[in-house]
Amino acid sequence: MESIVPPPLQSGLDFHFPSSGGRDATEKATPASFPSSPVASDTGDEVPLLRRLPSASRRRRAVSESQIAYLSLPPTRRRSFSRDVGHAAAETYLLTRLTLILLRYLGVGYRWITKFLALVFYAVLLMPGFLQVGYYYFFSSQVRRSIVYGDQPRNRLDLYLPTDSNGSKPVVAFVTGGAWIIGYKAWGSLLGRRLAERGIIVACIDYRNFPQGTISDMVKDASEGISFVCNNIASYGGNPDRIYLMGQSAGAHIASCALVHQAIKESGEGDGTSWSVSQLNAYFGLSGGYNMLNLVDHFHRRGLYRSIFLSIMEGEQSLRHFSPEIVVRNLSARFGVPPLPPMILYHGTGDYSIPSDASASFAEALTSIGVQAKVVLYDGKTHTDLFLQDPLRGGRDELLEDIVSFIHAGDAASLAKNAVAPPARRLVPELMLQLARKVSPF
C-alpha cells in the first residue's frame, strides 16, 4: 500500500461493533493526552533544547547543529511541526487500539496471516517510492492536510493544489480504498500529486473504517466529504462547475453508494440534501466492486472472511442495500432514469482482488436504465498496477492520461499543456516493482 500514515484521533470517539443483536454495542475511547512540544510554546517562544553542561561540549555542539535547520523555521511552522508530532503519537495510540479490536474479529487464520506478511514484503519493496511521496505529503506547500468537513471521527480531507493558481481549476473528490479496514486519505497522495501537476485539484476524503465504523458510517462520511467539496471548493481555487467524483477499490464501492443513495434522496425518498448529483460532472470508478452479493464468497476465498465482511456490511440482509448495481435497477423501476452523471469504470483484466467483470456488470446495469456508462479495461493490469506500480514507475501513465483527457476535454489550453507535459520521474527501480507485483496480496 502507500506510505503508512495512521488516521487522526478525535477525542470522545464512538467505536461501533456489530453485536449478536446488530450494531447496538458501542465502546467509548478515552482521549489521549500528550505534553506540548519542548521546542516551541503556543506563542512561538523558543524553549531551550538542552541545558548547558560544561562536561558535554562535544555533545552540545552536535545537538545544536542537528537542530539549526528546525530553529531557523518561523514560529508558525515550528508550531505546525510540533502539532504534527503530537498528532502522530495520538494516531499511533488509536491505530494500536483498533488493531487489537480487529484481531478479535480475525482470530488466527492462515489466509489473513499470509496476506499480512505479503503486505509487509510488498510495502518494503515499494518503500523508496513511499518515502518520496511521504516527504511530498508532509512538506509540500501545495498540500493542505486534514481539513475538517464534519463532526465525526476521521471527518478530514486533504487538498492537493496545482502550483499554477491562475483561474479556477477542475476538481476530483477522491475516496481511497483499503478493504473497508485500512483506508486512509494519505493513500491518495500519489494520485493527488500527479493530477495536481496537470492543473487539477484533488480532495482526498477520509472516512471511518471497520471496526471504528461500518458501511453506513463510511457512506455517510463520504457523502459529507463530497458535500464539503461541492459547497466550499471555490474558496480553494476550485471550479464548482467542474467537480468529478472518483473512488478506488473499496473506495469506489463507498463513493458509488454515496452517489446512488444521493440520487434516491433527490428522487423524493430520504431526508434533505446538502449537495446534488447534478453538481458532479462524472464518476470515475477504479477497480471497484458494485454487487456485494456476487462478491462475498469471492472475498472469503481471498482472505476477507465472510463473517468479517458481513459485519462490515451490517449483516447479510444489508448486502442488497449497499450494492449499487442492484439499487440502480430498483431505482429505475420506481422513478425511471435516475439522475446520475456519466459513469466511467476503469479496471485491469488481471485483477484478482475484484474481477473486472464487476465493472462490466455495473456498466451493463447502468446503460440498461439509460445512464451513460463506459468500461475502460487495461489488459493484464492487476488491482495495484493501475493505482501504485504504474505511477511509481514514472513515464507515461495510461490511466492518468485517460482521466486527464476526460477532465480537460473541450479545454484547448489545458490539452495543449498536457501534450507537452514532461513524463513523471521514476520513484522505484523496475526490479523492485516486478518483485512487488509478484508478492502483492491484492
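Two strands are taken to pair where DSSP finds at least two bridges between them. On that basis, eight strands of this predicted model form an open sheet of mixed pairing, in the order S3-S4-S6-S5-S7-S8-S9-S10. Strand S3 (143-148) and strand S10 (373-378) stand at the edges of the sheet, and because each has a single partner strand, one side of each is left without a neighbour. From one strand to the next, the twist averages 20 degrees. The protein chain as a whole contains 15 helices and ten strands, and buried residues make up 52% of its 442 residues. Among the contacts in the protein chain with a separation of 6 or more, 76% are accounted for by residues 24 or more positions apart.

Within the sheet, strand S5 (169-175) is mostly covered, with seven of its seven residues buried. S5 pairs with S7 in the parallel sense over six bridges, and with S6, again in the parallel sense, over five bridges. Phenylalanine 174 stands opposite methionine 246 in S7 and opposite cysteine 204 in S6. Cysteine 204 in S6 also stands opposite aspartate 158, and here the pairing is that of strand S4 (residues 156-160) with strand S6 (residues 201-205), which is antiparallel and extends over four bridges.

Two helices were examined for their placement on the sheet. Helix H13 (residues 398-407) lies across strands S5, S7 (238-248), S8 (280-286), S9 and S10, and runs at about 170 degrees to S8. Helix H11 (residues 357-368) lies across strand S9 (343-348) and S10, running at about 160 degrees to S9.

The packing of helices against one another was considered next. Two packed helices are described by the angle between their axes and the distance between the axes. Helix H6 (residues 215-232) and H7 pack at an angle of about 75 degrees, with their axes 9 Å apart; an angle between 65 and 115 degrees counts as roughly perpendicular, and H6 is therefore roughly perpendicular to H7. In this pair, Ile215, Met218, Val219, Ala222, Ser223 and Ile226 of H6 meet His253, Ile254, Cys257, Ala258, His261 and Gln262 of H7. Helix H12 (residues 385-393) and helix H15 (residues 430-439) pack at an angle of about 165 degrees, with their axes 10 Å apart. Since angles over 145 degrees count as roughly antiparallel, H12 is roughly antiparallel to H15. The crossing of H12 and H15 is right-handed, and the contact is made by Asp385, Gln389, Leu392 and Arg393 of H12 together with Glu430, Leu433, Gln434 and Arg437 of H15.

The largest nonpolar core comprises 69 residues, of which Trp180, Ile254, Leu259, Tyr283, Phe309 and Met313 touch the most other members. Helix H7 (residues 250-266) contributes the largest share of this core, namely ten residues. Ile254 thus appears both among the residues of H7 that meet H6 and among the core residues with the most contacts to other members. Phenylalanine 309, when residues up to four places away in sequence are not counted, touches Trp180, Met292, Val296, Phe299, Leu304 and Leu319. Apart from the largest core lies another, of 44 residues, among them Leu190, Cys204, Phe284 and Leu399. Cys204, a member of this second core, is the residue of S6 that stands opposite aspartate 158 and phenylalanine 174.

Key. Residues numbered from 1 in each chain as written. Predicted model: local features only at pLDDT ≥ 70, side-chain atom pairs only at ≥ 80, totals over all residues. Heavy atoms only, no water. Core = buried A, V, L, I, M, F, W, Y, C linked by side-chain atoms within 4.5 Å. Buried < 20%, exposed > 50% of the residue type's maximum accessible area, 1.4 Å probe, protein only. Contact = heavy atoms within 4.5 Å. Axes fitted to C-alpha atoms, helices over the stretch in contact; angles between N-to-C directions. Parallel < 35°, antiparallel > 145°, perpendicular 65-115°, else oblique. Left-handed = near helix turned anticlockwise from the far one by under 90°.
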